[in-house]
Amino acid sequence: MITLGIETSCDETAASVYDGKTILSNIVLSQIELHKEFGGVFPELAARRHLDHMLLVIDRALKEAQISKNDLDLISVASSPGLIGALLMGVNCAKSLGLALGIPVIGVNHVEAHLFANFLEFENEITFPALGLIVSGGHTALLYLEDKNNSKVLGTTLDDAIGECFDKVARMLDLPYPGGPEIEKIAKLGDPSIFNFKTPKIKNRPYDFSFSGLKTKVLYTLFGQDGIDGKKQVPKSSYPDIAASFQKAAFSSLINAINEAVENLNVNSILVGGGVSASSTLKQMLNTQLLSSVNVFIPDIKYSLDNGAMIAALGYHKFKQIGASNENLSASPSSRKHSFDFCQNS
Ligand code: KG4
Ligand code: ZN
């Protein structure tokens, strides 16, 4: 069964072809340059750019996979969560293509797909029960995965998502969007012990996260506490130290939650997913700072940032479990789910 995966939830137009075992192509057209001047994603422009590039990207994915559109058996599309205009472009395109080709279309949850990306590379190594850590631009969550099809949310962020927090702090440090990789870059030149940013912790909620206090602490450090007159009180030469100290505090809160969960729950693996998992600093901390030896799985960067391969793989898996209903498929900006079950409807 050949599946086409389509991803347009934010600022990447992506398409991928999956045959149930192997990713045959994985094309991603990033809009980063378009949004850079706004310091973040401009939703209407994102949707328009998806419209411009969608067919081109699908065409390239088919060509690279060396198949024709008539070889497709299933279309999987990210239908939530994300920017509504952007999501609608992908969903509309998927439904039209499905109708024209007479094949089923399935909608999948983008956040779930980030975690599912691990099965593309590590299907045979992952053993359950497992922990799932989602760290993206819009979501931060810790999950208990009983098996591939049963999960429970242990905790989420109570305010900002971790990627969002990196992007906002980067802006304060005059770094371009997306901020995560930029912060990591300058943090390498800094000393994480210079600024004492406390690791965020929520009383009696070891699995929940909070990043807005940390973000505010960076703001106060830069501009002072008594009103913002736009004048920075810290020299530019200290930015690498701020970035390193911030990054350490943000990632330490993830490490603490995982350590707590590993101590209390009997898990064999940890699956990490979402754009922030592209950070080599986070990878290194996960490899060196966990208190128990549990196998940690993190997708390769081509599957950790937004991509169509994870959408194709999850859609294929779900279709095998529950089938698809083309008529009822629509897009939703927010996740309607309180759990992430790889076999349930999105
Ligand atoms: O998963 P993703 O591509 O999009 C969403 O689903 O939101 O994640 C994008 C987020 C951005 O906030 C970006 O700054 C962050 O991932 N990110 C990083 C790194 N690379 C990307 N954050 C920290 N360090 C990185 N190296
Ligand atoms: Zn994403």
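**Figure 1. Coordination of the zinc ion (ligand 2) by H110, H114 and D306.** In this predicted model, the zinc ion (ligand 2) is held at 2.0 to 2.1 Å by NE2 of H110, NE2 of H114 and OD of D306. Along the chain, the donors of this ion are spaced as H-x3-H-x191-D.

**Figure 2. The two histidine donors, H110 and H114, in helix α4.** Helix α4 comprises residues 110-122, and H110 and H114 are separated by about one helical turn because they are four residues apart within this helix. H110 and H114 are both buried.

**Figure 3. The open five-stranded sheet.** The strands are arranged in the order β3-β2-β1-β4-β5, and their pairing is mixed. Strands β3 (23-30) and β5 (105-109) form the edges, each pairing on one side only. On average, neighbouring strands of the sheet are turned by 20° against each other, direction ignored.

**Figure 4. Pairing of strands β2 and β3.** Strand β2, residues 12-18, runs antiparallel to β3 and is joined to it by seven bridges. Within this pair of strands, N26 in β3 stands opposite S16.

**Figure 5. Helix α2 lying across β1, β2 and β3.** Helix α2 spans residues 43-65, and its direction is at about 25° to that of β2. Strand β1, which α2 also lies across, covers residues 3-7.

**Figure 6. Helix α3 lying across β1, β4 and β5.** Helix α3 consists of residues 84-101 and runs at about 160° to β4, the strand formed by residues 74-80. Strand β1 is thus shown again here, as both α2 and α3 lie across it.

Technical notes. Residues are numbered from 1 along each chain as its sequence is written. Chains are lettered from A and ligands numbered from 1 in the order in which they are written. This is a predicted model: local features need pLDDT of at least 70, side-chain atom pairs count only at pLDDT 80 or more; totals for chains, interfaces and linings use all residues. Side-chain values use heavy atoms; hydrogens and water are left out. Donors are N, O and S atoms within 2.8 Å of the metal (3.2 Å for Na, K and Ca); water is not among the atoms, so sites may look incomplete. Buried means under 20% relative accessible area, exposed over 50%, partly exposed in between (1.4 Å probe, protein chains only). Two strands pair if DSSP finds at least two bridges between them. Axes are lines fitted to C-alpha atoms, for helices over the stretch in contact, and angles run from 0 to 180 degrees between N-to-C directions. Contact means heavy atoms within 4.5 Å.
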